[in-house]
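This briefing is meant for a reader who is meeting the structure for the first time. It begins with the surroundings of the ligand and then turns to the annotated spans and to two details of the backbone.

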Amino acid sequence: MPAVLQAQVADIADGYRSTLILNLITLTVCLFILHIQNEAGWANFVWYAAAVVVVACRAYALNALNRRGKLLSAPQSSLTILSLGALASGVVWAALPWTVYDFEPLGSHAPLFLMMGGMAAGSVIKQIGYTPLALSYSIPILLSLMVNLIGNWRPNDVLVGLCLSLMIFVFIRRSIWAERMFVSSQVARHEATTLADSLTRANSDILRQNSRLEALANRDTLTGLANRMFFHGRLAGDIARAAVVKEQVALLIFDVERFQSINDTLGHSAGDALLREIANRLSSIVEDGSLIARLGGDEFAVVVSGPDALHRARTHAAAVLEASRRPIHWHQRQAVVGLSVGLAAYPDHADNAEELLACADMALYDAKRADRRQLREFDPDLRRNAERKRIIEQDLDRAIQTGAIGAWFQPQVDLTTRRITGFEALVRWQHPQLGFVSPPEIVNAARTVHLSEQLTASIARDACLLARRLPEFGLGDVTVALNVSPREFALYSVPCMLQRVTSAHGVAPSALEIEITEEAILDPALADDQLKRLEQDGYKLAVDDFGMGHSSLAYLIGLKVDRLKIDRSFVKDVARSETNQKLISAMVSLGQSLSLDIVVEGVETPEDAAILARLGCSIAQGYLFARPMPASALDTWITDHQPTALKRKTRAKHLSVA
Ligand code: C2E
Ligand code: CA
Ligand code: CA
């Protein structure tokens, strides 16, 4: 294992220099002892010189290995070189007895004997990391002493020599054992270090994964912007900070117009490319550290905090709207998408994050409704409207079921004879809290909460109840009209619903007239089949608000519409407007050439009525004749308006009593 070899080299190298110095000292001491005993001769000097050279070479070798980094990179060969050095030293020490005349290890040369034995023992004790090195040094010394002792052939010497041979054996064994211990401790240490390393690595891996997960949890993967969760946290944090430092926090919410249709018609990858480009544009415009987030779908938000927050938010919104006029390109295609923007500010409009978001949403909703592709700032009216809308939606179902919502009826009369020719059913709701709720509010709320069918069915029911009673007044040929908004055709089958209601009340379809706006006719795909079926079933059809859109003439002819109802805007003040007179005259001729009755709505003055009659309009509806009224008020109105009807009704009663 290279790591263990490196540890062995380190153990040897550590203290190698002090060993060499100790060697030099002991060598010198030996020479000095010989000198004191007057025994130092040329052989001893040669020996000393050789020993010093060996020590110098060993020192040089250690330095060279260290300098070249060999101790770490080539531990095995370093150990071999250092061991050879030790062997050389050992051999020089072993040669000492032969340089001394009549060497007596247990006699006068006992100090030398002790020095040599000490050096050999010290080597084994000190160099436990690598046995060959310790033994290369000590074995030659001990062998030399043993040979000298036994060679003296004196009993004491021989005995000590034999003990020495035993010691050599013990030295070798202990040395091998010590090295084994050293190696196993190094292996254990290495394993512990490796384990610690891998734990550290695992730890940093976990930390990296954690930060990746954190990024995933906070980022929107498609655009790289902050996601909704991060946005909420930041908005709440910014508001808390702003509360302390008394600053504003402005919130912008952007919505991409027609995104759904782009997604549906061009595919999701086009939709994704578009969202990414919008995110890029936002990022390149909003560069003041404000948070940009994608809230989901096609909704983006920017949280602007710090000094001048509201002003900076307005500037951002204007720049983003300006940039949105540039077409967006992808795969050789391009599209211009409109953005609507809502803006609200803390503490001006709301005092917490949730409310601020709701305010910005209301402003956005208003911007979208107006289709202005503009910035709309929150104002308290929006909150009141939204609250009103919420209450209407919440109470609608109950109101339909309890009959709080129902139809009022407005009569239609023949302009020349003033005879009653029909009634239009108009939805009415007097809300206990909100007061009068307008028909468009009711119709829109019904669509939002998926109650359109129930709402129209309840009006149709009221219309049937009236239609059933009309023959009593001698008005059996009079129709009751009801309005069906164009989008309803996409939501449910109007003919099926009407079939259910009319048959439940025993009313013939010909007693009802269905008023549809031009919009329904403009989009034949929407209502085509249903309109044809209504016509086949025998309902009368009227085109409401005629003149406001662009009805297809061909379609009008094909559909066999019975009536055109000219919109109130042409009728108002017609006596004083020559243009309106010309327009109505043109519409009347169109109606005549298609054999359609022309109904004028919103007739308020006798002058207007007179002009309209002169222009050829046959039927009229308006406050001049009657305002819409509840069914209960109709009896009186009919009898007042058409006295003959009363007579007929009384006679009918007499007849039925008889
Ligand atoms: P519309 O179908 O054009 O209905 C005529 C509207 O003009 C009614 O308003 C009526 O009250 C009003 N009006 C009638 N004569 C005069 C007049 O001389 N002067 C003035 N200024 N106004 C007059 P209303 O009832 O508020 O209805 C508004 C619209 O709501 C209706 O316009 C119709 O489009 C829709 N609507 C009403 N009831 C229903 C319904 O049951 N279902 C659906 N889908 N829409 C309805
Ligand atoms: Ca109408
Ligand atoms: Ca109308």
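**Ligand shell and chain features**

Among the elements of the chain, strand 9 makes the greatest contribution to the shell around ligand 1, supplying 4 residues. The model described here is a predicted one. Ligand 1 itself is placed in the largest pocket.

**Surroundings of ligand 1**

- In this model ligand 1 is surrounded by 22 residues, and the closest of them are Arg-428, Asp-544, Arg-568, Glu-604 and Tyr-623.
- By residue class, the shell around ligand 1 is made up of 9 nonpolar, 5 polar and 8 charged residues.
- At least two residues of the shell come from each of strand 9 (420-431), helix 15 (439-448) and strand 13 (540-546).

**Polar contacts and cover of ligand 1**

- Two side chains take part in polar contacts with oxygen of the ligand: Asn-483 has a polar side-chain atom 3.1 Å from an oxygen atom of ligand 1, while for a polar side-chain atom of Asp-545 the distance to an oxygen atom of ligand 1 is 3.4 Å.
- The backbone is involved as well, since a polar backbone atom of Tyr-623 lies 2.8 Å from an oxygen atom of ligand 1.
- Taken on its own, ligand 1 has 790 Å² of accessible area, and the protein covers 82% of this area.

**Annotated transmembrane spans**

- An unreviewed UniProt entry carries the annotation "transmembrane region" for residues 20-36, 42-61, 81-100, 132-152 and 158-176.
- In the model, residues 81-100 are 95% helix and 0% strand, with 30 Å between the C-alpha atoms at the ends of the span.
- Residues 132-152 are 100% helix and 0% strand, and the C-alpha atoms at the ends of this span are 30 Å apart.

**Backbone details in two loops**

- The peptide bond that leads from Tyr-346 to Pro-347 is cis, its omega being near 0°, and Pro-347 belongs to the loop between strand 6 (339-346) and helix 13 (353-370).
- Asp-308, a residue other than glycine, has a positive phi value near 60°, and Asp-308 is located in the loop that lies between strand 3 (299-305) and helix 12 (309-323).

Technical notes
Residues numbered from 1 in each chain as written. Chains lettered and ligands numbered in written order. Predicted model: local features only at pLDDT ≥ 70, side-chain atom pairs only at ≥ 80, totals over all residues. Heavy atoms only, no water. Near = heavy atom within 4 Å. Polar contact = N/O pair within 3.5 Å; in protein donor to acceptor, adjacent residues only side chain to side chain. Areas by Shrake-Rupley, 256 points an atom, 1.4 Å probe, with all protein chains shown as cover. 1 Å grid on protein atoms, 1.4 Å probe; cavity = no way out; pocket = protein on both sides within 12 Å on 5 of 7 lines; lining within 4 Å. Sits in = over half its atoms within 2 Å of the grid points. Nonpolar A, V, L, I, M, F, W, Y, C, P; charged D, E, K, R; others polar. UniProt positions renumbered as here; feature names shortened; annotations may be inferred.
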